Amino acid sequence: MRMHRKNNLEERLLRCTDVAPVMGVPDRNLKRLLENYREYLDLAAIFGNENPVFLELGCGCGGFCIEYARRHPEINLLAVERMSNVIITALENAKKAALPNLRFLNIPVEVLQCYLKSGAIGRIFLNFSTPLPEKTRERQRLTSPRFLNIYRDLLPVGGEVWQKTDNQAFFEYSLEQFSLHGFRLKNISLDLHKSAFAAENIVTEYERRFSDMGMPIYRLEAVKE
Ligand SMILES: C[S@@+](CC[C@H](N)C(=O)[O-])C[C@H]1O[C@@H](n2cnc3c(N)ncnc32)[C@H](O)[C@@H]1O
């Protein structure tokens, strides 16, 4: 889907640096960046405490992370999104919400290890990640083996990935990949909105869209072994 570039995007991003400790990557070659560049974030300094840090990957316009941070002041949340044109909405809304436990990284998930140390993250949320059904794009799916490697590095043993999607084929693919790559699955639902998980669920922008079309929402928890 092509999106219009938002008006005054650069100036607007600059006004949000207080909520985004990383705004863009210093090299467009992600492989080279991952091999050569380390700029670890001081998470205790960023959040002003030692509370657990959770990640949301592909946060889009930020509906989920803003509401999660509001409901969970005891958790620090880092929301990751590579598209500046999309994350700007999340940044501006987060600034208005003035949540000290929510910060953003405007980077691709591929290079998270340049900024975060092994075991630094307690839980990862994957909300309606792009399913990318074409076989040739499998490597870009956020539950493909190379991304699960990154998550295994960032999580301690017992750390979790919580995933939601409307796409059955992507869900089945994810179940298989998690179980093949060092994760134990639990709390699976094939119809989240009709399950016991609905009470605590925060509906994301994409989730609202699919749910309004009558589609069931799939969810899982994958625990690092
Ligand atoms: C389908 S949208 C879902 C947005 C939001 N999570 C929701 O549920 O409404 C997927 C988002 O993930 C982002 N994304 C996809 N791959 C990414 C990657 N490798 N790194 C960072 N963001 C990514 C896209 O730019 C897009 O904003």
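1. In this predicted model, helix H8 (residues 205-212) gives the most to the shell around the ligand, contributing 3 residues. The shell comprises 19 residues, and the closest to the ligand are Gly58, Gly60, Phe128, Thr204 and Tyr206.

2. By residue class, the shell around the ligand splits into 8 nonpolar, 6 polar and 5 charged residues.

3. Helix H8 also appears in the surroundings of helix H4 (residues 63-71): the cover over the buried residues of H4 includes H8, strands E2 (53-57), E3 (76-80), E4 (102-106) and E5, and helix H5 (84-97). The buried residues in H4 are Gly63, Phe64, Cys65, Ile66, Tyr68 and Ala69.

4. Strand E5 (residues 123-127), part of that cover over H4, pairs with strand E6 in the parallel sense, over 5 bridges. Within this pairing, Leu126 stands opposite Gln163 of E6. The connection from E5 to E6 runs through helix H6 (residues 145-154), and this β-α-β crossover is right-handed.

5. Strand E6 also pairs with strand E8 (residues 218-224), here in the antiparallel sense and over 6 bridges. One of the bridge partnerships involves Glu160, whose partner in E8 is Val223.

6. Is strand E6 (residues 160-165) largely enclosed or exposed? Of its 6 residues, 5 are buried, so E6 is largely enclosed by the rest of the structure. A residue counts as buried here if 20 or more other C-beta atoms lie within 10 Å of its own.

Notes. Residues are numbered from 1 along each chain as its sequence is written. This is a predicted model: local features need pLDDT of at least 70, side-chain atom pairs count only at pLDDT 80 or more; totals for chains, interfaces and linings use all residues. A residue is buried if 20 or more other C-beta atoms lie within 10 Å of its own, exposed if 12 or fewer, and partly exposed in between; C-beta atoms are placed from the backbone. Helices (H or I, at least four residues) and strands (E, at least two) are DSSP runs, numbered from the N terminus. Two strands pair if DSSP finds at least two bridges between them. A crossover is right-handed if, with the strands pointing away from the viewer, the path from the first strand over the helix to the second runs clockwise. A residue is near a molecule or strand if its C-beta atom, placed from the backbone, lies within 6 Å of it. Ala, Val, Leu, Ile, Met, Phe, Trp, Tyr, Cys and Pro count as nonpolar, Asp, Glu, Lys and Arg as charged, and the others, Gly among them, as polar. Two residues are in contact if their C-beta atoms, placed from the backbone, lie within 7 Å.
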